[in-house]
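Let's take a walk through this one together. Keep the viewer open and follow along as we go from one spot to the next.

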Amino acid sequence: SNLTIYNVNMIFYITFTSIILFSFYFSFINCANDQCSLTHNSNCDETYDNKYSREANDIFSIYLRKYEEANQAYYPSNATGCKFYVHVVDEDLKPFSDGITQQMIEGIKTRGTKYQIINGRLYRDKDCMFPSRCSGIEYFLRKLVSKLPDLECVINTRDWPQIYKGHGVFGPIFSFSKTKDYNDIMYPVWAFWEGGPAISLYPRGIGKWNDHRLLIATVANSTSWNDKLNVAFFRGSRTSSERDPLVLLSRENPELVDAQYTKNQAWKSDADTLHAPPAAEVSFNDHCKYNIFYSASPSFFMLVTNGLSFSMEA
């Protein structure tokens, strides 16, 4: 459906207001002990870095080129089921083709949570950085424990990988996210079955995405664009201050934007939700009521809801 004039005006107003807010915060840049205007920087010394110059932004051409190369190299795979991931397993295990030693395990055990299987029983370090994530990992291990030999492994529950190829310790640690710059071994994320996200709506995990996707699409397709709420929408935890201007704009103009912070695992007080009580979570299906979304990053979920999505973070 086409955007109505009201929708277009709303987008313009939100964008214009956001520009004003950002202009207020970033109208001056510190240079040594002085301040200099973005347009008059003659008082700045040679250490001044103009983030708006062409040279400063040329670095992003690297990522554009990588995207274009990856897009050209893509080809559809005929593999189905777990076979689709065999090449990932093979690549991740190559660095350990000469074997794994006890010394390797000892050297990396502080980078994650150590698990042991002894005589068909599962054991774990007493402390886990994210207990809910460990419960998700154990959901799978409990199903496999009777089929596995005695073993010891370290599993990373952080969002980022641990074993950088360029320097630092080397050893076999399992992580659910990585890039080609790391020697971490990929393992399936647990969140669709148990252990995350830790919110009241999905206390044991969000469930199988293939089921959610069909249900969300059904609800989205049954709601026409003109019947959706003419309010830009965001719900999420405050993992980045880059989202603050949108939430502050919502508090000033709730008729235009409904953007609120929810709790996350690190929440301790209202200070963690920008000095306001945390908002209640909103189910996937209820996102379909809105025609405009602000998301932390582009996602397939936003496409399924048949809404117009803006990304707050590149």
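**Starting from strand E9**

Five of the six residues of E9 are buried, so this strand is largely enclosed by the rest of the structure. Keep in mind as you look that this is a predicted model.

Who sits beside E9? Strand E8, residues 229-237, runs parallel to E9, and six bridges join the two. If you want a specific spot to zoom in on, find Arg-235, which stands opposite Gln-260 in E9. Between these strands, bring in helix H8, residues 244-252: E8, H8 and E9 together make a right-handed β-α-β unit.

Now zoom out for a moment. The chain has nine helices and eleven strands, and of its 314 residues, 32% are buried. Among contacts with a separation of 6 or more, 54% are between residues 24 or more positions apart. As for the outside, the accessible surface is about 20500 Å², with carbon and sulfur atoms owning 56% of that.

Back to E9, and on into the loop that follows. The loop between strand E9 (257-262) and strand E10 (290-295) is where you'll find Asp-272. Is Asp-272 buried or partly exposed? Its relative accessible area is 31%, so it counts as partly exposed, given that buried means under 20% and exposed over 50%. A polar atom of the Asp-272 side chain lies 2.7 Å from the backbone nitrogen of Lys-268. Once you set aside neighbours within four places in sequence, Asp-272 is in contact with Arg-238, Ala-266 and Trp-267. Try a distance check too: Asp-272 and Tyr-261 are eleven residues apart in sequence, and their C-alpha atoms are 8.7 Å apart in space.

Next stop, helix H6. This helix covers residues 131-144, and Arg-133 lies in it. Arg-133 counts as buried because its relative accessibility is 13%. So what does the side chain of Arg-133 make a polar contact with? The partner is the side chain of Asp-159, at 2.9 Å. Not counting residues up to four places away in sequence, Arg-133 touches a whole list of others: Thr-157, Arg-158, Asp-159, Phe-176, Trp-190, Gly-195 and Gln-265.

Now for the cysteines. The structure holds one disulfide, and it is formed by Cys-128 and Cys-134, with the sulfur atoms 2.0 Å apart. The torsion about that S-S bond is about 90°, which means the disulfide is right-handed. Cys-128 and Cys-134 are both buried. Two other cysteines to look up are Cys-153 and Cys-288. Cys-153 counts as buried because its relative accessibility is 13%, and Cys-288 is buried as well, with a relative accessible area of 1%.

One last loop before we stop. Asn-183 lies between strand E6 (173-175) and strand E7 (185-186). Its relative accessible area is 10%, so Asn-183 is buried despite the loop setting. What is Asn-183 in contact with, leaving aside its neighbours within four places in sequence? The residues to highlight are Pro-95, Phe-96, Ile-163, Lys-165, Phe-170 and Lys-178.

Technical notes. Residues are numbered from 1 along each chain as its sequence is written. This is a predicted model: local features need pLDDT of at least 70, side-chain atom pairs count only at pLDDT 80 or more; totals for chains, interfaces and linings use all residues. Side-chain values use heavy atoms; hydrogens and water are left out. Helices (H or I, at least four residues) and strands (E, at least two) are DSSP runs, numbered from the N terminus. Buried means under 20% relative accessible area, exposed over 50%, partly exposed in between (1.4 Å probe, protein chains only). A polar contact is a pair of N or O atoms within 3.5 Å; within protein, one must be able to donate a hydrogen and the other to accept it, and residues adjacent in sequence count only if both atoms are side-chain atoms. Contact means heavy atoms within 4.5 Å. A disulfide is a pair of cysteine sulfur atoms within 2.5 Å. Accessible areas come from the Shrake-Rupley method with a 1.4 Å probe; for residues, only the protein chains shown count as cover. Two strands pair if DSSP finds at least two bridges between them. A crossover is right-handed if, with the strands pointing away from the viewer, the path from the first strand over the helix to the second runs clockwise.
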